[in-house]
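Notebook open, viewer open. I want to go through this one piece by piece and jot down what I look up as I go.

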Amino acid sequence: MAEDGLTIALPKGRLLAEGLALLAQAGYETGDVDDTSRKLLFHLSGDLRVLLAKPLDIPTYVAYGAADVGFAGKDVVMEQQEALYELLDLGIGACRLCVAGPKGGPYNSRVATKYPNIATGYFREHGEQVEIIHLNGSVELAPLVGLAGRILDVVSTGQTLQENHLVVLAEVAQITTRLVANVSSYRVKAEAIDRLVERLGNVVEERTKGVKTL
Amino acid sequence: MLIEKPWGTHDFLPGEAAQKKQMEDRLLDLFARWGYQLVETPPFELDASLPEGPRPGERRFQFFDDRGRLLVLRPEWTFSIARLAATSLREKPLPLRLCYSGPVFHAEQGAGRDAVFHQVGVELLGCAAPEGDAEVLALASDALRAVRLERVRLVVGHTRFLDGLTAELEEAQAQALREALVRRDLVGYQAVAATLPAAVTDRTLLQRLPTLRGDAAFLQQLQDSVEGKAARHALQELLEVAASAHAATQGFPFLFDLSLLRHPAYYTGLIFEGYVSGVAFPIVGGGRYDKLLDHYGRPAPATGFAIGVERLMDAGAVSEAPVKPIYLWYGSGEEEEAWQLAERLRQRGQRVVCGKEPPAAPACYAAVRRLVEMRQQEKSSTEEVEGDWQKMD
């Protein structure tokens, strides 16, 4: 946690460009930030520092104060269960967290997922005894090869499911990217963070209005 | 053989341990000057005597005594102090001012949460709002100053502000709002707040709650826009307490935050947390808990706070650097004289290690002296001896 200014953790990969566009629209200069080089730390004008991390790691960076704020998917926030503030729905990265499987069933008791905590909670709430199989990717493969009967994963367009002959069986949660903050930074740097929330909030609101009027 | 320490625990090494003790002593000394008496309780309590089970996400260390009764390693100090006040100290008149220092135990792991951590704190029992709150808030501010912290932010809220605003809501809705705040999920909070019926008295205020933070002037302004009586009263109390606490200590600036919520089943009034630039977790937390002593059969209003010792150390709140001893060495036949000389030096407050032959690791000592040198030095006056050492370092 830098003494002055704000350190913001952004997810490498798919959502980086959208995240940067949001920041730029909110009036923050995003300079030369990109994830194609090996550089992971960027000092920008206006006392802003950007660090790039794996999407799943963003809550960790923020909870420990390595970054004051970050852009993190609601799925990742739910899974990591770190103590942090969820300040704003940024409206980007929209998708659904779903249970999926081959059409018809019946299904065995194994569920493959990248989200063991969410899956454990979800099936406990629904009174169903399952064995959670923790995978780090390509979860949709599991039902095809008999590793698990069902999967719990994010679904955006549904194309991956379709290609693997899977269908959505239940929706667990609606996911968007959130602005999260470290509990200490949220107080110690209240002014800077409030400013960020207000500016980003305005951009998000404008965009929503834009969609509605279209 | 497996030789490692249990997860979530920390060894305090030479230097660290001394620093920790100095910090605890400094705080206890300050509490004593405010009239708080030190108490100690056993590190475990009977589970059946505790007022509440684990909070969401909290896990406790539990074990059985030889009669099969469940015991719990103290998850916090306040339960034990409340039990003490209602039993052993039952005959002592209120208000009671008590303070403590020692470890608390949690079986869960996560960012900023260890299995064993140390707290130094106070409990003011039998003193109602607002006087009690002002005293405790001023003392917390003074305590952080005593360990030389700078750039502290004390965040102050009030449970009855939200209670007041949500009084006319359906319980399920009020519950959903509180739970979102406890989870720190302000997005979730706003989603619930957006569905409130239009007829709710302070509807817009409830919807704006996460943004309701600022200084005393902000709070003053806010008062005019509050319709509900209970909420308005809570604001009034906050302002009074803050004004007198601030006047008492010229302490750190307060940040009022009306969305601050700590364990809603437990706290009943003014609550606060302290944060320091550069430390990712709160270093102090506390507030008013007027219901807790009911459970122990001695109803009384009460308030207090606990400071996290490890977090103070993270924040660099440090006293003097540890002092190294000098090393006095002697040859054959000089033992007796050497030990006597060492004794005289120790009586004068010097730290002295005495041994045969020079030390293997001289860097561990402030100075290394042979007996003959020291004998000559001692012949000059006491003051000069001390002066000489400083020159020789």
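**Entry 1: the interface**

Note to self before anything else: this is a predicted model. I began where the two chains meet. On chain A, 25 residues are in contact with 25 residues of chain B. I also looked up the area: chain A and chain B bury about 2100 Å² between them, and 48% of that is on carbon and sulfur atoms. I like having that number, since the size of an interface is often given as the accessible area lost when the parts come together.

Next I went through the polar side of things. How many salt bridges does the rule find across the interface of chain A and chain B? It finds four. The one I wrote down joins the side chains of A:Lys74 and B:Asp185, at 3.7 Å from N to O. For polar contacts, the rule gives eleven residue pairs across the interface of chain A and chain B, with both partners at pLDDT 80 or more.

Then I asked which elements of chain A take part. On the side of chain A that touches chain B, β5 (85-89), α7 (183-188) and α8 (190-213) each supply at least two residues. Sorted by class, that side of chain A has twelve nonpolar, three polar and ten charged residues.

**Entry 2: β5 of chain A and its surroundings**

Since β5(A) turned up in the interface list, I gave it a closer look. Four of the five residues of β5(A) are buried, so the strand is largely enclosed by the rest of the structure. I checked its pairing too: β5(A) runs antiparallel to strand β11 (residues 177-181) of chain A, with four bridges between them. To pin down the register, I noted that A:Glu86 has A:Val180 as its bridge partner in β11(A).

Just for the backbone check, I stopped at A:Gln81. This residue sits in the loop between α3 (74-80) and β5 of chain A. A:Gln81 has a positive phi of about 50°, though it is not a glycine. Is A:Gln81 buried or exposed? It is exposed, at 51% relative accessible area, and the cut-off for that label is over 50%.

**Entry 3: a covered helix in chain B**

Over to chain B, where I picked helix α2 (residues 77-86). Ten of its ten residues are buried, so I have it down as mostly covered. The buried residues of α2(B) include B:Trp77, B:Phe79, B:Ile81 and B:Leu84, and B:Arg83 is also among them. What do they pack against? I found β2 (44-46), β5 (96-105), β6 (116-125) and α10 (292-295) of chain B.

**Entry 4: the strands around β6 of chain B**

β6(B) was on that packing list, and I followed it up. Eight of the ten residues of β6(B) are buried, so this strand is largely enclosed by the rest of the structure. β5(B) and β6(B) run antiparallel and are joined by ten bridges. For the register there, B:Arg97 has B:Leu124 as its bridge partner in β6(B).

I then looked up another partner of β6(B): strand β12 (residues 302-308) of chain B pairs with β6(B) in the antiparallel sense over seven bridges. Here B:Gln119 has B:Gly308 as its bridge partner in β12(B).

**Entry 5: backbone oddities in chain B**

I ran through the omegas. The peptide bond joining B:Leu94 and B:Pro95 is cis, with omega about 0°. B:Pro95 is in the loop between α2 and β5 of chain B. Another cis bond goes from B:Ala129 to B:Pro130, with omega near 0°; B:Pro130 lies in the loop between β6 and α3 (131-146) of chain B.

On the phi side I noted B:Arg151, which is not a glycine but has a positive phi of about 50°. B:Arg151 is in the loop between α3 and β7 (152-158) of chain B, and at 45% relative accessibility it counts as partly exposed.

**Entry 6: B:Trp34**

Last stop. I located B:Trp34 in the loop between α1 (16-33) and β1 (37-38) of chain B. B:Trp34 is partly exposed, at 27% relative accessible area. Its side chain makes a polar contact with the side chain of B:Asp142 at 3.2 Å. I also took a C-alpha to C-alpha distance: B:Trp34 and B:Glu131 are 14 Å apart in space and 97 residues apart in sequence.

Technical notes:
Residues are numbered from 1 along each chain as its sequence is written. Chains are lettered from A and ligands numbered from 1 in the order in which they are written. This is a predicted model: local features need pLDDT of at least 70, side-chain atom pairs count only at pLDDT 80 or more; totals for chains, interfaces and linings use all residues. Side-chain values use heavy atoms; hydrogens and water are left out. Contact means heavy atoms within 4.5 Å. Buried area is the accessible area (1.4 Å probe) that two parts lose on being put together, summed over both. A polar contact is a pair of N or O atoms within 3.5 Å; within protein, one must be able to donate a hydrogen and the other to accept it, and residues adjacent in sequence count only if both atoms are side-chain atoms. Ala, Val, Leu, Ile, Met, Phe, Trp, Tyr, Cys and Pro count as nonpolar, Asp, Glu, Lys and Arg as charged, and the others, Gly among them, as polar. Buried means under 20% relative accessible area, exposed over 50%, partly exposed in between (1.4 Å probe, protein chains only). Two strands pair if DSSP finds at least two bridges between them.
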